[in-house]
Amino acid sequence: MKQTQVVGVLLALLCLGTTFDASASGTIPMQFCFRYNIDYDDDDASIGDDYFIEVDAGPGSAPKARGLKVRVEDLDADPADPHPFDGYASYNGVSPGCTPVLDLAVDHQILITTWSEALVGGNVITVRESQFHSVTFRDEHAFQETVNQGWPNPYVLHANHVKERHWRILAAAAFAQYRERGGLSGRTYFIYDEACPFAGGSCSLDGSVWLDPAGSEPYNRHKYGIVHELGHAMLYQTGAGQWFVDFLAPTGVCDAGRADDEGWREHSKEYQSAAASEGYANFYAALVFNDILDSDCRMEEIYSPNWDNDPATPADRAFNCTGDPDPIDQPTSATDYLGTMCDAPTLAMGTALDWQRFLWDASKGPDSLAFVDLVDIWVGSTPSTWCPNGWPVFPPPPPFLPPSPPPPPPWAPCWPSDRMIFYAHPLNGGPLTVDEYYAFTDAMELHGVHTGWIPM
Ligand SMILES: [Zn+2]
């Protein structure tokens, strides 16, 4: 009998023994499940969130730690094999956030350690102190107990003992990947708990994320902000590349009192390329925490936009994913914020708000586009070749319908306002059906993402 066969027989006998009389064998089957001990500043049923509603989050209903990195160590076991489990909890299925069922030796000391890392849908999300730290954050109050027959099974534990920023970041990012991954797997998303290395604040660069922990409004307290930055990283990791956004619209703004160089806002006029990039990231955050068919979808920004351009009325952080951002105070326009609220010129410019609403409506309804379709369109528009001001230096080519080949250089290096629609066309190699294409173009026009080569 070969050695492998001997081992197989022994394993079979051991399994039979365990199943037949667990207590007499000295082991008990045990499953550990983990939930996050977290809080955010923008988790609120009153704004219409569908997920991470903390008002419901009692000890048994806190957010599940999907895909959490976990080690279960038997301190009294053979030193050569001390780990009943060393890997990632499940991220979906019947027991998300749980280990497999483990056979634990009664009266042995068990030590459980968790890390600020998760594996979700084949993608790793790892939260680190900084880009110069090679290890993830580890829970400092690890569970250490003696295995006994009185334990509940499954045994539900907090993934972390202290409400702290690493865990807020991981919980939001891992949940985002559970909800939508844009068709990507095998990627690693590093999220660093420090300010953006070249600009301060929070940013995404080369497929990684920096979240500034300082200030009165750190991004790690805002689930929408965390997932917004992850959205940028995800789009980069499609392989579509990255470009440096010029957020400076040349003249005029859409929010009275703001200076042109103050940085982007959801409703600030930017070059179309910047508006599209921010609109995609914001749409991803909205999609993760809301059901797409919801009529009450609202989300929150980390700042307070002055939607109606009226300095006399208080600003509101929360806004509608698809409708009028300011329906109560002084209604603006739910369809074309740029055209309604922004100063001229609007050539080759847009707002993230218009892009987000367009993407939301392109995703719902009878011709709904899957998120992966929208990601494909993004990739097809080759953002790495966009120029900052989003407009070619030569006159635009004629309309592309009927279908024509992609415009040759010098058009390709720049990004006219309808470049994305060009690449969405099914006869130009786009990923859409004809019906989806028309849903896409209709939603674009409706929400102020102006189409057509002729300047508007
Ligand atoms: Zn952004």
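The following legends describe close-up views of a predicted model.

**View 1. The zinc site and its three protein donors.** The zinc ion is bound by NE2 of His 228, NE2 of His 232 and OE of Glu 278, at distances of 2.0 to 2.1 Å. Along the chain these donors follow the spacing H-x3-H-x45-E. His 228 and His 232 both belong to helix 4 (residues 223–240), where, being four residues apart, they are separated by about one helical turn. His 228 counts as buried, at 5% relative accessibility. His 232 counts as buried as well, with a value of 15%.

**View 2. An aromatic cluster and a lysine over the ring of Phe 289.** Tyr 51, Phe 175, Tyr 178, Tyr 224 and Phe 289 together form one aromatic cluster. Within this view, Lys 223 lies over the face of Phe 289, at 4.3 Å from the ring centre. Another lysine, Lys 69, is placed over the face of Trp 115, and here the distance to the ring centre is 5.0 Å.

**View 3. The edge-to-face pair of Phe 143 and Trp 151.** The whole structure contains 19 aromatic pairs. In the pair of Phe 143 and Trp 151, the ring centres are 5.8 Å apart and the planes meet at 65°, so the arrangement is edge-to-face. Phe 143 is buried, its relative accessible area being 13%. Trp 151 is likewise buried, with 11%.

**View 4. The edge-to-face pair of Trp 307 and Tyr 337.** The ring planes of Trp 307 and Tyr 337 stand at 85° with the centres 6.4 Å apart, and the pair is therefore edge-to-face. Trp 307 is located in the loop between strand 14 (298–300) and strand 15 (318–320), whereas Tyr 337 is in helix 6 (residues 337–341), so the contact ties together parts that are 30 residues apart in sequence. Both partners are buried: Trp 307 has a relative accessible area of 2%, and Tyr 337 has one of 0%.

**View 5. The disulfide of Cys 33 and Cys 98.** Three disulfides are found in the model. In the one joining Cys 33 to Cys 98, the S to S distance is 2.0 Å. The link is right-handed, with 105° about the S-S bond. Cys 33 lies in strand 2 (residues 32–35) and Cys 98 in the loop between strand 4 (85–88) and strand 5, so the pair ties together parts that are 65 residues apart in sequence. Both Cys 33 and Cys 98 are buried.

**View 6. The disulfide of Cys 196 and Cys 203.** The sulfur atoms of Cys 196 and Cys 203 are 2.1 Å apart. The torsion about their S-S bond is about 90°, so this disulfide is right-handed. Cys 196 counts as buried at 5% relative accessibility, and Cys 203 is buried with a relative accessible area of 9%.

**View 7. The disulfide of Cys 297 and Cys 321.** Cys 297 and Cys 321 are joined with their sulfur atoms 1.9 Å apart. This link is left-handed, with -50° about the S-S bond. It connects distant parts of the chain, with Cys 297 in the loop between helix 5 (272–289) and strand 14, and Cys 321, 24 residues apart from it, in the loop between strand 15 and helix 6. Cys 297 counts as buried, at 1% relative accessibility. For Cys 321 the value is 1%, and this residue too counts as buried.

**View 8. A cis peptide bond at Pro 154 and positive phi values at Asp 107 and Asp 206.** Asn 153 and Pro 154 are joined by a cis peptide bond with omega about 5°. Pro 154 is in the loop between strand 8 (143–146) and strand 9 (155–158). Asp 107, a residue other than glycine, has a positive phi near 75°. Asp 107 is placed in the loop between strand 5 (102–105) and strand 6 (109–120) and is exposed, with a relative accessible area of 56%. Asp 206 has a positive phi near 50° and lies in the loop between strand 11 (203–205) and strand 12 (208–210). With a relative accessible area of 48%, Asp 206 is partly exposed.

**View 9. Helix 8 and the residue Thr 382.** Helix 8 spans residues 371–380, and its buried residues include Phe 371, Leu 374, Ile 377 and Trp 378. Asp 373 and Val 375 of this helix are also buried. Just after helix 8, Thr 382 adopts a positive phi of about 45°.

Conventions. Residues are numbered from 1 along each chain as its sequence is written. This is a predicted model: local features need pLDDT of at least 70, side-chain atom pairs count only at pLDDT 80 or more; totals for chains, interfaces and linings use all residues. Side-chain values use heavy atoms; hydrogens and water are left out. Rings of Phe, Tyr and Trp (its six-membered ring) pair if their centres lie within 6.5 Å; planes under 30 degrees apart count as stacked, over 60 as edge-to-face and the rest as tilted. Buried means under 20% relative accessible area, exposed over 50%, partly exposed in between (1.4 Å probe, protein chains only). Helices (H or I, at least four residues) and strands (E, at least two) are DSSP runs, numbered from the N terminus. A charge sits over a ring if NZ of Lys or CZ of Arg is within 6 Å of the ring centre and within 35 degrees of the ring normal. Donors are N, O and S atoms within 2.8 Å of the metal (3.2 Å for Na, K and Ca); water is not among the atoms, so sites may look incomplete. A disulfide is a pair of cysteine sulfur atoms within 2.5 Å.
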